[in-house]
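Colleague: I am new to this structure and would like to go through it with you, one question at a time. Could you show it to me before we begin?

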Amino acid sequence: MGRPMSQRLVKAGYPVMVYNRDKAKEEALKITGAGVASSPRALMEESDIIFIMVTDDLAIRQIFTGDNGLLGTMATGKMIINMSTVSPGISKDMALSCGREGNFYLDAPVSGSVKQAEEGELVIMVGGREDILEKAKPIFEHLGRLTLRMGDTGAGNKAKLAINMLLAFYAQGLAEAVVFALKNEIKTKDFITIINNSALRNIFTTIKGDAIIQQNYKAAFALKHIAKDLRLAKEEGMTTPMGEAVCKAFQEAEPAWGEEDIIAILKHLGSLQ
């Protein structure tokens, strides 16, 4: 996600510097017109606005508080925008730490995948001060088609967890329906065709239906990530029947299919038949 977002900012004329903890991935981030920073601290010292897009709370803590991290510099007046899907609690902790050092923090996770990032069609959910968001909006306009403030710090994270709950419902619902159809000798291609010509059609079922037909489980959004997000949702109070069911299913599927796409939940459910 970080690479296409960086590319859009370069094309928009912004001076961009990139950093990745994985040096192999960092090579892919060396896009035309972008510099490469040696550490998060170097980014903090040399940039006015720092975007973060990583996997989980542990990675956030490492970036902020690890060796050569974002915190503990003499830099002030910087804007740190965390676009990762992480817990509201980590955002509140990091926002307080940033504030103590004279810097500003927004949690701004996104809805969308690589294709939407490439096309600037992300939906950006923001938590934090409204005046800081207003300063960031001109840049957000190059990354997404909608930017909406959800509330104070952590509210963007909470909205993203709710969105990903629904994503999990879609994925498991589609997979369960396909498994049931197959069990009753309905061809998968025919069943997906029916869905895509009905009132149930949406972008997700179109894309993932095609992936099921092609048996293409290469991760666009890895199953392990939705399993993590559902765990975070539970920590924030998710106790509804469907929420509990999908959380259990994705946790059970993660050891075998975690590196594959979210729709690989189909493999797990099929193995239970």
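Modeller: Please keep in mind throughout that this is a predicted model. A place to begin is the surface, where Leu146, Leu148 and Met150 form a nonpolar patch with about 260 Å² of accessible area together.

Colleague: In which strand is Leu148 found, and is Leu148 buried, partly exposed or exposed?
Modeller: Leu148 belongs to strand β8, which covers residues 144–151. Its relative accessible area is 45%, and because the range between 20% and 50% counts as partly exposed, Leu148 is classed as partly exposed.

Colleague: Turning to the interior, which element gives the most residues to the largest nonpolar core?
Modeller: The largest nonpolar core has 33 residues, and those with the most contacts inside it include Leu174, Val178, Ile226 and Phe250. Two or more residues come from each of α8 (155–183), α9 (188–195), α10 (203–214), α11 (223–235), α12 (241–257) and α13 (265–271). With 10 residues, the element that gives the most to this core is α8.

Colleague: How many residues does the second, separate core have?
Modeller: This other core is separate, and among its members are Met5, Met83, Val126 and Phe140. The number of residues in this second core is 21.

Colleague: Which residues does Val178 touch, leaving aside those up to four places away in sequence?
Modeller: Val178 is one of the residues with the most contacts inside the largest nonpolar core. Once residues up to four places away in sequence are not counted, Val178 touches Thr188, Phe191, Ile192, Ile212 and Leu266.

Colleague: Against which elements do the buried residues of α11 pack?
Modeller: Helix α11 has 13 residues and reaches 19 Å from its first C-alpha to its last, which is close to the 18 Å expected at 1.5 Å a residue. Its buried residues include Leu223, Ile226, Leu230 and Leu232, and also Lys228 and Asp229. The elements against which these buried residues pack are α8, α12 and α13.

Colleague: Which residue with a positive phi follows α11?
Modeller: The residue in question comes after the helix, and its phi is near 110 degrees. That residue is Gly237.

Colleague: How many residues apart in sequence are the parts that the pair of Arg145 and Glu121 ties together?
Modeller: The side chains of Arg145 and Glu121 meet in a salt bridge at 3.4 Å, N to O. Arg145 lies in strand β8, whereas Glu121 lies in the loop between α6 (114–119) and β7 (122–127), so the distance in sequence between the parts tied together is 24 residues.

Colleague: What separates Glu134 and Lys137 in helix α7?
Modeller: The side chains of Glu134 and Lys137 meet in a salt bridge at 3.2 Å, N to O. Because an α-helix has 3.6 residues a turn, residues three or four places apart point the same way. Glu134 and Lys137 are three residues apart in helix α7, which covers residues 130–143, so what separates them is about one helical turn.

Colleague: Is Asp152, which meets Arg149 in a salt bridge, buried or exposed?
Modeller: The side chains of Arg149 and Asp152 meet at 3.0 Å, N to O. Arg149 counts as partly exposed at 31% relative accessibility. Asp152 has a relative accessible area of 57%, and because this is over 50%, Asp152 is classed as exposed.

Key: Residues numbered from 1 in each chain as written. Predicted model: local features only at pLDDT ≥ 70, side-chain atom pairs only at ≥ 80, totals over all residues. Heavy atoms only, no water. Patch = residues over 30% accessible without salt bridge, like charges linked within 9 Å, V, L, I, M, F, W, Y side chains within 5 Å. Areas by Shrake-Rupley, 256 points an atom, 1.4 Å probe, with all protein chains shown as cover. Salt bridge = Lys/Arg side-chain N within 4 Å of Asp/Glu carboxyl O. Helix = DSSP H or I, 4+ residues; strand = E, 2+ residues; numbered from the N terminus. Buried < 20%, exposed > 50% of the residue type's maximum accessible area, 1.4 Å probe, protein only. Core = buried A, V, L, I, M, F, W, Y, C linked by side-chain atoms within 4.5 Å. Contact = heavy atoms within 4.5 Å. Expected span 1.5 Å × (residues − 1).
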